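Let us walk through this structure one piece at a time. Keep the sequence and the 3D view side by side as you read.

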Amino acid sequence: MGFDLYGERKEFKLAPDIEWEGDEPPSFEEKEEYFAARQKYERDNPGYYFRNNVWYWRPLWQYVVNMCENIVTVEDATAGMHNDFHLITKTKALRIAKRLEKSMENGDIDRWEEAREEHLESLGNVPCEICDATGYRHMNDSNTPTICNACKGKKEKPHFDTGYPWDRKNLKTFIEFCKDSGGFRIG
Ligand SMILES: [Zn+2]
């Protein structure tokens, strides 16, 4: 699962696309050609497309919502966590970009990262559900238990939420996307 953000600028409607004709599925070469053309278009047209998998997107959008309380509405905040092509207008996208840039300059980002670290640490470990918190598994119906490969025999694992990575580089890429997008839809 991932999140695909498409810029709303009029020019982007002319992005290259391939329509499959007939019932034949596209050949390998046709697909390669399509993806190469798409990637070139994305490189040449900043603001056209931004993608994150769900793990990167959730903390990023959380950050946006946190830093832009007076810009992003409750509806935006909620819709941004779902793939329903919710529109963020051009004005809003520009204001978000500006506010996020400011957050990187004035130390808001450092405070947010610290609070996030503290929160994740406070969650502590949770019982390993793979081995039922025994530390051992019976693989392939064998009678000899082996050490659980999920928790490495520790019976517990870090909390699920610690699996969401936070990445400043991703934030910077998103800021540039916001600026060039002309507004965007989160799908
Ligand atoms: Zn385990």
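**A walk through the model**

D132 sits in the loop that links strand 4 (125-127) to strand 5 (136-137). This is a predicted model, so every value here is computed from it. The backbone at D132 is worth a look. Most residues other than glycine have a negative phi. D132 is not a glycine, yet its phi is positive, about 60°. Is D132 buried or exposed? D132 counts as exposed because it has 12 C-beta neighbours inside 10 Å, and a residue with 12 or fewer falls in that class.

Now step back to the whole chain. The chain is divided into two parts: domain 1 (1-9 + 40-124 + 164-187) and domain 2 (126-158). Domain 1 is thus written as three stretches of sequence, and domain 2 as one. How far apart are the centres of domain 1 and domain 2? Taken over C-alpha atoms, the separation is 37 Å.

Turn next to the sheet. Strands of a sheet pair through backbone hydrogen bonds, either parallel or antiparallel. Here there is an open sheet of four strands, in the order 2-1-8-3, and the pairing is antiparallel. Strand 2 (49-53) and strand 3 (86-88) are the edge strands, each pairing on one side only. From one strand to the next, the twist averages 20°.

Strand 1 is a good place to read the pairing. Strand 1 (residues 2-7) pairs with strand 8 (residues 184-186) over three bridges, in the antiparallel sense. One position to find is L5, whose bridge partner in strand 8 is I186. Strand 1 also pairs with strand 2, again antiparallel, over five bridges. On that side, Y6 stands opposite Y49 of strand 2.

What lies across these strands? Helix 6 lies across strand 1, strand 2 and strand 8. Helix 6 runs at about 150° to strand 2.

Helix 6 also meets another helix. Two packed helices are described by the angle between their axes and the distance between the axes. For helix 4 (residues 90-105) and helix 6 (residues 168-181), the axes come within 8 Å and cross at roughly 150°. The crossing of helix 4 and helix 6 is left-handed. Which residues make the contact between helix 4 and helix 6? Helix 4 supplies A93, L94, I96, A97, L100 and E101. Helix 6 supplies L171, I175, C178, K179 and S181. The residues of this contact divide into eight nonpolar, one polar and two charged.

Now look at the loop that leads into strand 3. N83 is in this loop, between helix 3 (74-79) and strand 3. Leaving aside neighbours within four places in sequence, N83 is in contact with F3 and G187. N83 and L5 are 78 residues apart in sequence, but their C-alpha atoms are 9.6 Å apart in space. N83 counts as partly exposed because it has 13 C-beta neighbours inside 10 Å.

F85 is found in the loop between helix 3 and strand 3 as well. F85 has a positive phi of about 55°, although it is not a glycine. Why does F85 count as partly exposed? The reason is its 13 other C-beta atoms within 10 Å.

Two more residues link separate parts of the chain. Y56 is in helix 2 (residues 54-67). Beyond its neighbours within four places in sequence, Y56 is in contact with P165, D167 and N170. A97, one of the helix 4 residues that meet helix 6, lies 41 residues from Y56 along the chain, with 18 Å between their C-alpha atoms. Y56 has 19 C-beta neighbours inside 10 Å, so it counts as partly exposed; a buried residue would need 20 or more.

Finish at L120, in helix 5 (residues 108-123). Which residues does L120 contact, leaving aside its neighbours within four places in sequence? They are D161 and T162. L120 and D161 are 41 residues apart in sequence, and 7.2 Å separate their C-alpha atoms. With 16 other C-beta atoms within 10 Å, L120 is partly exposed.

Key: Residues numbered from 1 in each chain as written. Predicted model: local features only at pLDDT ≥ 70, side-chain atom pairs only at ≥ 80, totals over all residues. Axes fitted to C-alpha atoms, helices over the stretch in contact; angles between N-to-C directions. Helix = DSSP H or I, 4+ residues; strand = E, 2+ residues; numbered from the N terminus. Left-handed = near helix turned anticlockwise from the far one by under 90°. Contact = placed C-beta atoms within 7 Å. Nonpolar A, V, L, I, M, F, W, Y, C, P; charged D, E, K, R; others polar. Domains from an automatic or database assignment. Pairing = 2+ DSSP bridges.
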